[in-house]
Amino acid sequence: MESITYLAIAYLGMLFALGLWTYIVATRHNRLKLQIESMHEVMENMLGMKDDSQSEE
Amino acid sequence: MLTDKAPLVLAAGYTGMAATLGLGLLWAPQVSIDAFESPSAQRIFYWHVPAAWAAFLAFGFLFIGSAMWIFRRSEFGWKLHIAGAEAGLVTGLMTVWSGCIWGAAEWGVPWDWADPRLNTFGLLTFLAIYLVLGRQSQPDSVETRDTFSTFGLYGFVLVPVTYVATRLWTIRHPGPVVATGEGSSLDSDMGTVLLIGAISFSVAIVGQVLLSLQTSRLEQQLALMQSKLDG
């Protein structure tokens, strides 16, 4: 293989690993935020409970 | 809160990494054709070396977090353990991958089972894989945390061993070119790109750790809300 091909494979692999990792972390983060938001709605609207972490007291 | 700045810190780190890549490929001088079997592939090291440095940094976070959990039962320590293991995994894999490709280009083989640095770093990466996958497959209990923190604590021994490996036993992996104590043999332009890379990867790792800490906080908040709903 050409020297430049090794270079390309190395960087493409590293970029893929970094991109995949960032995607996984960002997706997990956003999913949790959405779950917490929907949980707030359930607690406030359906059960009449208020979460302490959002309390202004 | 500091963790709220995580996306900003991460973006700054990634921008620096992109700049390092651009400078490494387009601006940094070519190495001597006579000195290397595969001169162009040498440019792999502009990300390989900073990724290895960032992995050491991540394993440092892992060590501190593990110690805080084992000795203080610190919740923050456990979160730092998780963040360090995850950051160590991605940077460790990047280092091993790029090292294997460079080895294939320069040595003709991707791995040397007799080289101490390669093998101790490989073990560190396997440790990170074990800690990340193991934690995800186990319930979050004190026993689980103790087990993984013990591995994180003792596994850190491999970091100084890996660092001094090329100084003590130079077999195949190239010896140090910076911080050698005898003046660097590295071209100044190459050294500049490498320095930008090291700073950028360090900033990105701090960003990753902050984001991971924030995510752990959200997980706990969600678990607390679920227990309220259930109970």
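Let's start with helix 1 of chain A, residues 3-46. Its 44 residues, at 1.5 Å a residue, should span 64 Å, and the end C-alpha atoms are indeed 64 Å apart, so expectation and model agree. Keep in mind that this is a predicted model.

Which residues of that helix are buried? They are A:Tyr6, A:Leu7, A:Ala10, A:Tyr11, A:Met14 and A:Leu18. Look at the spacing. An α-helix has 3.6 residues a turn, so residues three or four places apart point the same way. What do the buried residues of helix 1 of chain A pack against? Their partners are in chain B: helix 1 (6-26), helix 2 and helix 3.

Now to chain B itself. Helix 2 (45-72) and helix 3 (75-106) are joined by a loop that holds B:Arg73. B:Arg73 is not a glycine, yet its phi is positive, about 55 degrees. Most residues other than glycine have a negative phi. Is B:Arg73 buried or exposed? Exposed, because it has 12 other C-beta atoms within 10 Å, and 12 or fewer counts as exposed.

Last item: a helix pair in chain B. Helix 4 (residues 116-137) and helix 6 (residues 158-168) have axes that come within 8 Å and cross at roughly 160 degrees. Angles over 145 count as roughly antiparallel, so helix 4 of chain B is roughly antiparallel to helix 6 of chain B. The crossing is left-handed.

Who touches whom? From helix 4 of chain B, the contact includes B:Phe121, B:Leu123 and B:Leu124. From helix 6 of chain B, it includes B:Leu158, B:Val161 and B:Ala165. By type, the contact residues are 8 nonpolar, 3 polar and 1 charged.

Technical notes. Residues are numbered from 1 along each chain as its sequence is written. Chains are lettered from A and ligands numbered from 1 in the order in which they are written. This is a predicted model: local features need pLDDT of at least 70, side-chain atom pairs count only at pLDDT 80 or more; totals for chains, interfaces and linings use all residues. Helices (H or I, at least four residues) and strands (E, at least two) are DSSP runs, numbered from the N terminus. A residue is buried if 20 or more other C-beta atoms lie within 10 Å of its own, exposed if 12 or fewer, and partly exposed in between; C-beta atoms are placed from the backbone. Axes are lines fitted to C-alpha atoms, for helices over the stretch in contact, and angles run from 0 to 180 degrees between N-to-C directions. Angles under 35 degrees count as roughly parallel, over 145 as roughly antiparallel, 65 to 115 as roughly perpendicular and the rest as oblique. A crossing is left-handed if the near helix is turned anticlockwise from the far one by less than a right angle, and right-handed if clockwise. Two residues are in contact if their C-beta atoms, placed from the backbone, lie within 7 Å. Ala, Val, Leu, Ile, Met, Phe, Trp, Tyr, Cys and Pro count as nonpolar, Asp, Glu, Lys and Arg as charged, and the others, Gly among them, as polar. The expected span of a helix is 1.5 Å times one less than its number of residues.
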